[in-house]
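Me: I'm new to this one. Could you walk me through how to read a few of its features?
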Amino acid sequence: MYQQEPNKDEEIDEVFYEQLADVVQSPALLLMGEFNSTYICWKYNTALRKQSRRFLECVEDSFLTQVASGGTGFVGRALTHLLQSHGHEVTHVSRQGGKNRIIWEELSRLGLPQCDAVVNLAGENVLNPFRRWGDAFCKEVISSRVETTRTLAKAIADADQPPNAWVVVTGVGYYRPSPTAEYTEDSPGGNFDFFSRLVSSWEAAAVIPDGPTRGVLVRSGVVLGRGGGAISQMLWPFWLGLGGPIGSGHQPFPWIHIQDLSGIICHALENECLQGVFNGVSPSSPETSNSTFTQEFAAALGRPALLPVPAWAVRAVFGVERAVMLLEGQKVVPKRTLESGYHFIFPDLSAALKDIVA
């Protein structure tokens, strides 16, 4: 179970929590699947465990990736592939039924299926350029993370046979942007802007006060991979030679290859001694700036990167609050992740990008 409780004495943002309160009062939105959430149920191969074990996974599915995939999100596809390669059986749980699927209504009516772990990666795409940053979109962003997590945590707590593990993937937005400070899993954060408070509420919603279920939080950086995520939005501009650093380019760029994010989640599921917070970023992430990423990505494509994106343009497209996610960054260190015994497949940015564009 999670040991960290939110600090109630910290100053809070009244507007944020008013939006959060509005969302919490409308749980029907979640059960109707308004925020493109998709879920997966899987079980251990009996060759790996003496007793058959089943897992429920909530897969992130944003507006852009839904169009491309038709259901399962960017990270979810990679995780599903990894689990299947380990011999695990995967069943999706979503708004629509079908082969190897169960629907939200069944989950609501019948409760949590007997399973050994639950993984939640759900969340509306915050940086969707086609959505205006306003109260309505903020509520969707909050609900797709906080209320989804709260509903699953309650289902776990109410289950007659609770799962052994409960993994939630959040974000490094928990840590305050800084060009110099380095953050480990034990560093403070979570109460200085909308996104840090969002992560704090998201993680607080995952707390299961009592019971046998061990909790794991993975704070993910920018996920890099083929066929979705940040790369899919940048590929064509860079391919046409129109890419360049964002703003000053000096801001830290916390990143992780999608195979490693999937690997960390699988590592957490299959190692019963692991619980608590793990940073989902590459070991070389603290040395990576936006400018470094730009040059490496352009080099991997064999293209120049000569056209910087001015800060004012980023603010005009995304709004001042969201623009912070692109114009500032955090130096995040995966200290506990490395100590847990996880071995990164792509610790180096150059090798990661060459794999993605190959």
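Reply: Sure, and keep in mind that this is a predicted model. Let's begin with helix packing: each axis is a line fitted to C-alpha atoms over the stretch in contact, and the angle is taken between the N-to-C directions. Here, helix α10 (residues 290-301) packs with helix α14 (residues 349-357) at an angle of about 40°, and their axes are 9 Å apart.

Me: Are α10 and α14 parallel or oblique to each other?
Reply: Angles under 35 degrees count as roughly parallel, and 65 to 115 as roughly perpendicular. α10 and α14 are therefore oblique to each other. As for handedness, α10 passes α14 in a right-handed crossing.

Me: Which residues in α10 and α14 meet?
Reply: From α10 you have Thr292, Phe293, Glu296, Phe297, Ala300 and Leu301, and they meet Leu349, Ser350, Leu353, Lys354 and Val357 of α14. Sorted by class, the contact of α10 with α14 has seven nonpolar, two polar and two charged residues.

Me: How do I read a pair of aromatic rings?
Reply: You describe such a pair by the distance of the centres and the angle of the planes. Searching the whole structure gives 10 aromatic pairs. In one of them, Phe194 and Phe195 have ring centres 5.1 Å apart and planes at 85°. Over 60 degrees counts as edge-to-face, so that is what this pair is.

Me: Are Phe194 and Phe195 buried or exposed?
Reply: Buried means under 20% relative accessible area. Phe194 has 4%, so Phe194 is buried, and Phe195, at 8%, counts as buried too. Ring pairs also link Phe194 and Phe195 with Trp133 and Phe137 into a cluster.

Terms used:
Residues numbered from 1 in each chain as written. Predicted model: local features only at pLDDT ≥ 70, side-chain atom pairs only at ≥ 80, totals over all residues. Heavy atoms only, no water. Axes fitted to C-alpha atoms, helices over the stretch in contact; angles between N-to-C directions. Helix = DSSP H or I, 4+ residues; strand = E, 2+ residues; numbered from the N terminus. Parallel < 35°, antiparallel > 145°, perpendicular 65-115°, else oblique. Left-handed = near helix turned anticlockwise from the far one by under 90°. Contact = heavy atoms within 4.5 Å. Nonpolar A, V, L, I, M, F, W, Y, C, P; charged D, E, K, R; others polar. Phe/Tyr/Trp six-rings, centres within 6.5 Å; stacked < 30°, edge-to-face > 60°. Buried < 20%, exposed > 50% of the residue type's maximum accessible area, 1.4 Å probe, protein only.
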